Protein chains: 2
Amino acid sequence: MTPQRILVVGSVALDSIRTPYGEAREALGGSASYFSCSASHFAPVSVVAVVGEDFPETHRQLFAERGIDLSGLEAAPGRTFRWRGEYMAELGHAHTLETQLNVFAEFHPKLTDVHRRIPYVFLANIDPDLQLEVLSQVRKPRLVLSDTMNYWIARKPDRVLEVLRRVDVALLNEEEARALAGETHLTRAAESLLAAGAHAVIIKKGEHGASFHSREERFLTPAYPVKALTDPTGAGDSFAGGFMGLLARTDRNDGEALRQAMACGTAMASMAIEAFSPARLADTTAREIEGRVRELHELVHYDLFPMF
Amino acid sequence: MTPQRILVVGSVALDSIRTPYGEAREALGGSASYFSCSASHFAPVSVVAVVGEDFPETHRQLFAERGIDLSGLEAAPGRTFRWRGEYMAELGHAHTLETQLNVFAEFHPKLTDVHRRIPYVFLANIDPDLQLEVLSQVRKPRLVLSDTMNYWIARKPDRVLEVLRRVDVALLNEEEARALAGETHLTRAAESLLAAGAHAVIIKKGEHGASFHSREERFLTPAYPVKALTDPTGAGDSFAGGFMGLLARTDRNDGEALRQAMACGTAMASMAIEAFSPARLADTTAREIEGRVRELHELVHYDLFPMF
């Protein structure tokens, strides 16, 4: 098994977050941060993103300790992207208090020759036009995974759909799938996105797990029953990291690998939400990941016996 | 395999229902009706319930065709229990327009000697005091399953908990589990009910499936991805019928049987909601049930491979 390298293009941010369980100020955040800390347990990862001159050295250190390649992390004049938000008791939705795009406002990912040839690519939640710019730069990747958010679905639905058609797997949460498909019923929403040209979609349903839909495969993974929920931020990107991580590690995309990849994504998301920032993710071990994947398997596994 | 007989004590009603997909007037309804039509595909069923003098012969016929024992169906002077309700687009909640308890208001289940000795017992959603009356009459049943609703949890929480402690498995939907446990987080709610003395609880989560919790077992079953959703009425009782049906049919209560029983419950619930009244349930076949149970198994089944 030779793990294949993964490229992530997304955001690196400083998050200030309050939840019913505590708060964090100027903690490491951003889709590329959660994704890369998660995926790096499975395969080598290169980050393409931008930070400002004020980006703390300690955060760079955290990436370095995980062996994450930061040669694509541009340091631009100005301040790092900042997000301030809070979660109420239900924890389903972040309430954004302030977004300072700062250096992220002018971000246009420019891939080096080395980055262009990385075989596994994650297009984190950024403007779909930027995602398409990345797609025009990469050279025959083996698997591309994309993420998006309601903000882009409301503003650029055609561009979001264009990305969906050009990637191998698209990640959406329940709300996003419903909004993009114009269909409340989730199974029908997934089918309508496949009919619109998507090759495969994963619908993330928070505490209700996630489902994978393609023409060949339909599969459900329950959420890991987390007890110490602290901060939901980064759950989706951590899921993406575990999902793509397993595929890149095994260099497989068959049904069995996709199913285990969903469990890996679920396990990584469960750890992300047990603490603020990706620190908990960075600190986990192969042993702990394997333990959670095994627990998830036991939650649903059984052998059918004849009954009639 | 000698299927064991099942006793259900609950309601037989006439339902008038409107959903976004159609409507039914004075259709056969009630927990005992859905449960018995569902369970009768797995094992013989006896119903203890009450109807009025106006109960249509055609409905009796439907039970008879399924071989359901109606010797415990009391015909009391007066009118049959009627319920009128509607579901909005979301279909999650019934909006009750009218409840006429009629003969059901004075119902006190009186079990014959034959009924008292039936080994599998389902206490459908009735006043917990009536459920306790039934428990005082039955003679060492092998497995008792109970259901309840928010109405009783709000009015008689101690009696509902008393029932929970005295049965083998208690069925609750998400809201009921949260209300009874006083805990939003579902995994914690289940654990708190076990700590309060329940032996096992099943939490029904509608389109998000169902979970089984006991000290020995924890298990999740996804919902069957129904496309032709028509009327959610009776989903819970149909689930109970498939769940208890498989256990009574196999006379087993080990982990593997409980897991397949959850899938049988899920399959039966999926059929119940594809039509008004239990007619669709009555008409299904072993072949169709087996097909859905197999599909559910495929939705979650995979073999783990080593990854680290």
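These notebook entries record what I looked up in the structure, which is a predicted model.

**Entry 1. Relation of the two chains**

I began by superposing chain A on chain B. A rotation of 180° with 0.0 Å of shift along its axis achieves this, at an RMSD of 0.0 Å. The two copies are thus related as by a two-fold rotation axis. I then asked through which surface the copies meet. Of the interface residues of chain A, 100% are also interface residues in chain B, so the copies meet through the same surface.

**Entry 2. The four-stranded sheet in chain A**

I traced an open sheet of four strands in chain A and noted the order β3-β2-β6-β7, with mixed pairing. Its edge strands are β3 (22-29) and β7, each of which pairs on one side only. Neighbouring strands are turned by 15° against each other on average, direction ignored.

Within this sheet I examined β2 (residues 13-19) and β6 (residues 82-87) of chain A, which pair in the parallel sense over five bridges. I looked up the partner of A:S16 in β6(A) and found A:R84. I also recorded that helix α2 (residues 57-65) of chain A lies across β2 and β3 of chain A, running at about 75° to β3(A).

**Entry 3. The sheet in chain B**

In chain B, I found an open sheet of four strands with the order β3-β2-β6-β7 and mixed pairing. The edge strands are β3 (22-29) and β7 (94-100) of chain B. The twist averages 15° from one strand to the next.

Here I followed the pair β2 and β3. Six bridges join β2 (residues 13-19) of chain B to β3(B), and the two strands run antiparallel. One residue I checked was B:D15, whose bridge partner in β3(B) is B:A27. Helix α2 (residues 57-65) of chain B lies across β2 and β3 of that chain, at about 75° to β3(B).

**Entry 4. Strand β8 of chain A and its partners**

I turned to β8 (residues 120-123) of chain A. Which way do its side chains point? A:Y120 and A:F122 point one way, A:V121 and A:L123 point the other way, and all are buried. I noted the general rule that in a regular strand the side chains alternate between the two faces of the sheet.

β8(A) pairs in the parallel sense with β1 (residues 6-9) of chain A over four bridges, and A:V9 stands opposite A:L123. β8(A) also pairs in the parallel sense with β9 (residues 143-146) of chain A, again over four bridges. In that pairing, A:F122 has A:L145 as its bridge partner.

**Entry 5. A:H115 and A:F107**

I located A:H115 in helix α3 (residues 113-116) of chain A. Is this residue buried or exposed? Its relative accessibility is 1%, so A:H115 counts as buried. A polar contact of 3.4 Å joins its side chain to that of A:D69. Beyond four places in sequence, A:H115 touches A:L7, A:S46, A:V48, A:D69, A:S71 and A:G72.

A:F107 is found in the loop between β7 (94-100) and α3 of chain A. With a relative accessible area of 4%, A:F107 is buried. Residues that A:F107 touches, beyond four places in sequence, include A:V9, A:V48, A:E74 and A:L130. I also recorded the separation of the C-alpha atoms of A:F107 and A:F35, which is 19 Å for residues 72 apart along the chain.

**Entry 6. The largest nonpolar core**

I asked which residues of the largest nonpolar core touch the most other members. Of its 131 residues, these are A:F243 and B:F243. Leaving aside neighbours within four places in sequence, A:F243 is in contact with residues including A:L145, A:V169, A:I202, A:F212 and A:M262. A:L145 is also the β9(A) partner of A:F122. In general, nonpolar side chains tend to be buried together in soluble globular proteins.

**Entry 7. Helix α7 of chain B**

I closed with helix α7 (residues 174-181) of chain B, whose buried residues are B:E174, B:E176, B:A177, B:L180 and B:A181. They pack against α5 (150-155), α6 (157-166), β10 (169-173), α8 (186-195) and β11 (200-204) of chain B.

What caps the N-terminal end of α7(B)? The residue is B:N173, a side-chain oxygen of which lies 3.2 Å from the backbone nitrogen of B:E175. Just after the helix, B:G182 takes a positive phi of about 65°.

Note on methods:
Residues numbered from 1 in each chain as written. Chains lettered and ligands numbered in written order. Predicted model: local features only at pLDDT ≥ 70, side-chain atom pairs only at ≥ 80, totals over all residues. Heavy atoms only, no water. Pairing = 2+ DSSP bridges. Axes fitted to C-alpha atoms, helices over the stretch in contact; angles between N-to-C directions. Contact = heavy atoms within 4.5 Å. Least-squares fit on C-alpha atoms with pLDDT ≥ 70 in both. Buried < 20%, exposed > 50% of the residue type's maximum accessible area, 1.4 Å probe, protein only. Polar contact = N/O pair within 3.5 Å; in protein donor to acceptor, adjacent residues only side chain to side chain. Core = buried A, V, L, I, M, F, W, Y, C linked by side-chain atoms within 4.5 Å.
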